[in-house]
Amino acid sequence: MAILGGMAASIQLTVPGTLRYRNIAVRVVAEAARLVSGSVQRDPTDLLDHDVRDPFDLAVVSAFMEIFNNVAIHAYKRKDGGLIDISITVAERELTIEIKDHGQAFDLEGVAPLPTELDESTLPEGGMGIHIAKTMLDEVTYEPGPPNLWRLRKRLPAKQVAVGTSGRS
Ligand SMILES: Nc1ncnc2c1ncn2[C@@H]1O[C@H](COP(=O)(O)OP(=O)(O)OP(=O)(O)O)[C@@H](O)[C@H]1O
Ligand SMILES: [Mg+2]
């Protein structure tokens with residue numbers, strides 16, 4: 001699919017930095033993912049359905065939710081007053097999401113890696129969000145600010161053909 005004649009298109013959204021507004025951002029991200037994956041919403045009349053069964057959409061939305069949660073909970077400490085600026089770039093086979101906040105900065109390198117052998121005794125109870133995001137995406141970077149800047153990127157795998165030509169419904 002040629003988007004703007006091959007150029008990447010960019011979508012901007014600013015929401016208050018609390019969990020109350022997360023679903024608004026998620027819906028925009030889900031629709032942007034759908035533009036890249038070519039997935040079709042199964043029931044377009046169901047306004048409450050994010051419909052992210054497509055693996056690309058699911059990965060993008062899951063990772064975005066974790067990062068949004070973290071910004072609202074850890075950077076803004078569940079307090080009102082801060083904003084989250086979201087910039088989504090839709091390219092032909094790639095989605096990039098930048099997430100900017102003015103909350104507390106932290107050191108991403110300081111987040112302990114998951115143990116390589118995971119079982120019930122080593123699986124942490126919390127602290128999974130960043131690992132989930134990194135697993136789901138091709139790129140997760142963070143630059144402490146202010147403003148703090150997250151960049152999330154996912155490419156459409158070669159075997160997943162974009163645009164509703166694949167016969168999937
Ligand atoms: N945006 C952020 N701003 C400040 N600190 C953060 C941010 N994101 C993560 N952190 C810090 O990194 C830690 C790990 O984040 P991660 O999302 O992996 O786990 P969690 O939020 O503690 O738990 P979970 O996401 O599993 O509910 C957090 O506990 C927090 O200390
Ligand atoms: Mg988290």
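**Exercise 1. Find the contacts of Pro147, leaving aside its neighbours within four places in sequence, then say how exposed Pro147 is.**

Start with the contacts: Pro147 meets Lys100, Asp101 and His102, where contact means C-beta atoms, placed from the backbone, within 7 Å. Keep in mind that this is a predicted model, with local features needing pLDDT of at least 70, side-chain atom pairs counting only at pLDDT 80 or more, and totals for chains, interfaces and linings using all residues. Residues are numbered from 1 along each chain as its sequence is written, while chains are lettered from A and ligands numbered from 1 in the order in which they are written.

Next, take His102: its C-alpha atom is 4.8 Å from that of Pro147, although the two sit 45 residues apart along the chain.

Last, exposure. Pro147 counts as partly exposed because it has 17 C-beta neighbours inside 10 Å; 20 or more other C-beta atoms within 10 Å would make a residue buried, and 12 or fewer exposed, with C-beta atoms placed from the backbone.

**Exercise 2. Work out how β4 and β5 are joined and paired.**

First, place the loop: Pro147 lies between β4 and β5. Strands here are DSSP runs of E, at least two residues, and helices are runs of H or I, at least four, numbered from the N terminus. A hairpin of four residues makes the link from β4 to β5.

Then check the pairing. β4 (residues 139-143) runs antiparallel to β5 (residues 148-155), with five bridges; DSSP must find at least two for strands to pair. Thr141 faces Arg151 of β5 across the pairing.

Now split β4 by face: Val140 and Tyr142 are on the covered one, with Glu139, Thr141 and Glu143 on the uncovered one.

**Exercise 3. Which element gives the most to the largest nonpolar core?**

Begin with the core itself, which has 33 residues. A core is a set of buried Ala, Val, Leu, Ile, Met, Phe, Trp, Tyr and Cys residues joined through C-beta atoms within 7 Å. Among those with the most contacts inside it are Val29, Val60 and Leu152. Elements supplying at least two residues each include α1 (22-37), β4 and β5. The top contributor is α2, with 11 residues.

For a closer look, try Val60: not counting residues up to four places away, it touches Val29, Ala33, Leu95 and Lys154.

**Exercise 4. How many residues surround ligand 1?**

Count 13, with C-beta atoms, placed from the backbone, within 6 Å. Asn70, His74, Phe106, Gly129 and Ile130 are the closest. α2 (55-75) and α3 (129-136) each give two or more, and α2 has the largest share, five.

Technical notes: Two residues are in contact if their C-beta atoms, placed from the backbone, lie within 7 Å.
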